[in-house]
Amino acid sequence: MIICHMTSAHDSDDIRILKKQCVSLAKNKDNKVFLVAKGDSYEYKNVQIVGIGVQQGGRLNRMLNVGRAVYEKALSLDADIYQFHDPELLPYAKKLKKRGKKVIFDSHENYKKQIMQKGYIPKPLRGVIRAAYSVIESRACRYLDAVLYPEDISPYEGIVKECVVIRNTPMLDELKPEISYEERKEKVCCVGTLSEDRGIRVLVRACHKAGVSLVLGGRFSPPVFEDSLRSEEAFEIVDYRGKCDRQQVNDIYNECMIGADNILRVGQYSQIRALSTKVYEYMIMKMPYFTSDFDFNKEIIDQYQCGVYMDPEDVDAVAGAIRFLIENKEKGRIMGENGRKLVEEEFNWSVDEKRLFDLYARLYRELNENK
């Protein structure tokens, strides 16, 4: 089976795309797996990354020119199954389908909802852009063989032939708790996209109020958000590590006692029936965490006692959650153990990997039956 993944927006070393899905599919020696993306060509664990070079320009250039370049390069590989990871690649579903290919769309989020929250889109234009995208998505869905979605309630249900849940669960061996919970410092950590919507400003103020250090890793979005945050007195408690590789992330987690997941009630976030990727990582590290009081988060914590939840927009409530975990270390240790057990038994990549394998096997079998 020849498989080609396509992305015009993500880096070629994206964890969900390359290190989980592509690498998993490449474990089968009968599969030849390609990933077409921006940047250079190289090989990673039997996956051939086919780079289209460095691309200049902003989002519009990416949607128009980069998307087309990715498609043309992917088409030249003559794969059996194509999977793309960005909404701007949806118009190419029809072209691929007409060539007799199987086509999968990996919808990383609910794009129609998120368009209404994109800060780089002027508010008066968001409704128009959403309507235009809805038309493009609806037309493309006619030609898709399957859509992957990271939670169990998919907006594509009943619209496409098949919806498959592929969650952003972690690989159990990608992070490792190297010191005991008791040895870790009384610090809070948060690694990932650092933005207003992700509650970083509230988090900084809450850590300052609670009198604890906050270790941040990742990129500020947009970049001017960093300047705004640094102008606050509360930023003095922040230890900013910049963009981190996986070893640096592992080091941060081993250093800190508490994980933070403080997403605000913006767009689809409060309705998502999945945990944040960073929460799964905290569980691997046997780390208690605090999170937003969204329904699914509350269900998991109430059932498994692996963290605490609070109003993510209330600085006092977030500070209170931090102080509770610091002042109740034995409860925190037990929460960390509970989280580790949960991720080992249910929320790990091996569970989602099997669903991915099953989908590809079905589609390839259909492809051969129709020849």
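S24 is a good place to start a walk through this predicted model: the residue is part of helix α1. With a relative accessibility of 4%, below the 20% cut-off, S24 counts as buried. Leaving aside residues up to four places away in sequence, S24 touches W349, E353 and F357. One of these partners, E353, also makes a polar contact of 2.7 Å with S24, side chain to side chain.

**The eight-stranded sheet**

Helix α1 (residues 15-26) lies across strands β1 (2-6), β2 (32-37), β3, β4 (47-51), β5, β6 and β7 (146-149), and runs at about 160° to β2. These strands belong to an open sheet of eight with mixed pairing, in the order β3-β4-β2-β1-β5-β6-β7-β8. Its edges are β3 (42-44) and β8 (163-165), each of which pairs on one side only. On average, neighbouring strands here are turned by 25° against each other, direction ignored.

Within this sheet, β5 (residues 81-84) and β6 (residues 102-106) pair in the parallel sense over four bridges. If you would like a landmark for that pairing, look for Y82, which stands opposite V103 in β6. Helix α13 (residues 349-369) also packs on this sheet, touching β1, β5, β6, β7 and β8, with its direction at about 155° to that of β6.

**The six-stranded sheet**

Now for the other sheet. Strands of a sheet pair through backbone hydrogen bonds, either parallel or antiparallel. Here six strands form an open sheet with parallel pairing, in the order β11-β10-β9-β12-β13-β14. The edge positions go to β11 (238-240) and β14 (307-310), each pairing on one side only. From one strand to the next, the twist averages 25°.

Strands β9 (residues 185-191) and β10 (residues 213-217) pair in the parallel sense over five bridges. As a landmark in this pair, C189 has V215 in β10 as its bridge partner. Helix α9 (residues 277-284) packs on the sheet and touches β9, β12 (256-261) and β13 (289-292); its direction makes about 160° with that of β12.

**Helices α11, α6 and α12**

Helix α11 (residues 315-327) is 13 residues in length and reaches 18 Å from its first C-alpha to its last, close to the 18 Å expected at 1.5 Å a residue. At its start, a side-chain oxygen of D314 comes to within 3.0 Å of the backbone nitrogen of D316.

Which residues of α11 are buried? They are V318, A319, A321, I322, L325 and I326. Because these residues cover an arc of only 155° around the axis, they sit on the same side of α11. The general background is helpful here: an α-helix has 3.6 residues a turn, so residues three or four places apart point the same way. The cover over the buried residues of α11 includes β9, α6 (200-210), β12, β13, β14 and α12.

Helix α6 is itself mostly covered, with eight of its 11 residues buried. The buried residues of α6 are I200, R201, V202, L203, V204, A206, C207 and A210. Just after this helix, G211 takes a positive phi of about 75°.

Helix α12 (residues 329-345) holds R340. Is this arginine buried or exposed? R340 counts as buried, because its relative accessibility of 16% falls under the 20% cut-off. Apart from residues up to four places away in sequence, R340 touches P177, M283, I284 and K286.

**Backbone details in the loops**

A few loop residues deserve a look while you have the structure open. The peptide bond from S221 to P222 is cis, with omega near -10°. P222 sits in the loop between β10 and α7 (224-230). Two residues other than glycine have a positive phi, and the table sets them side by side.

| Residue | Loop | Phi | Relative accessibility |
|---|---|---|---|
| N46 | between β3 and β4 | about 75° | 42%, partly exposed |
| Q305 | between α10 (295-304) and β14 | near 55° | 43%, partly exposed |

Both loops lead to strands already met above: β4 lies beside β3 in the order of the eight-stranded sheet, and β14 is an edge strand of the six-stranded one.

How values were computed. Residues are numbered from 1 along each chain as its sequence is written. This is a predicted model: local features need pLDDT of at least 70, side-chain atom pairs count only at pLDDT 80 or more; totals for chains, interfaces and linings use all residues. Side-chain values use heavy atoms; hydrogens and water are left out. Helices (H or I, at least four residues) and strands (E, at least two) are DSSP runs, numbered from the N terminus. Buried means under 20% relative accessible area, exposed over 50%, partly exposed in between (1.4 Å probe, protein chains only). Contact means heavy atoms within 4.5 Å. Two strands pair if DSSP finds at least two bridges between them. Axes are lines fitted to C-alpha atoms, for helices over the stretch in contact, and angles run from 0 to 180 degrees between N-to-C directions. The expected span of a helix is 1.5 Å times one less than its number of residues. The arc is that of the directions from the helix axis to the C-beta atoms. A polar contact is a pair of N or O atoms within 3.5 Å; within protein, one must be able to donate a hydrogen and the other to accept it, and residues adjacent in sequence count only if both atoms are side-chain atoms.
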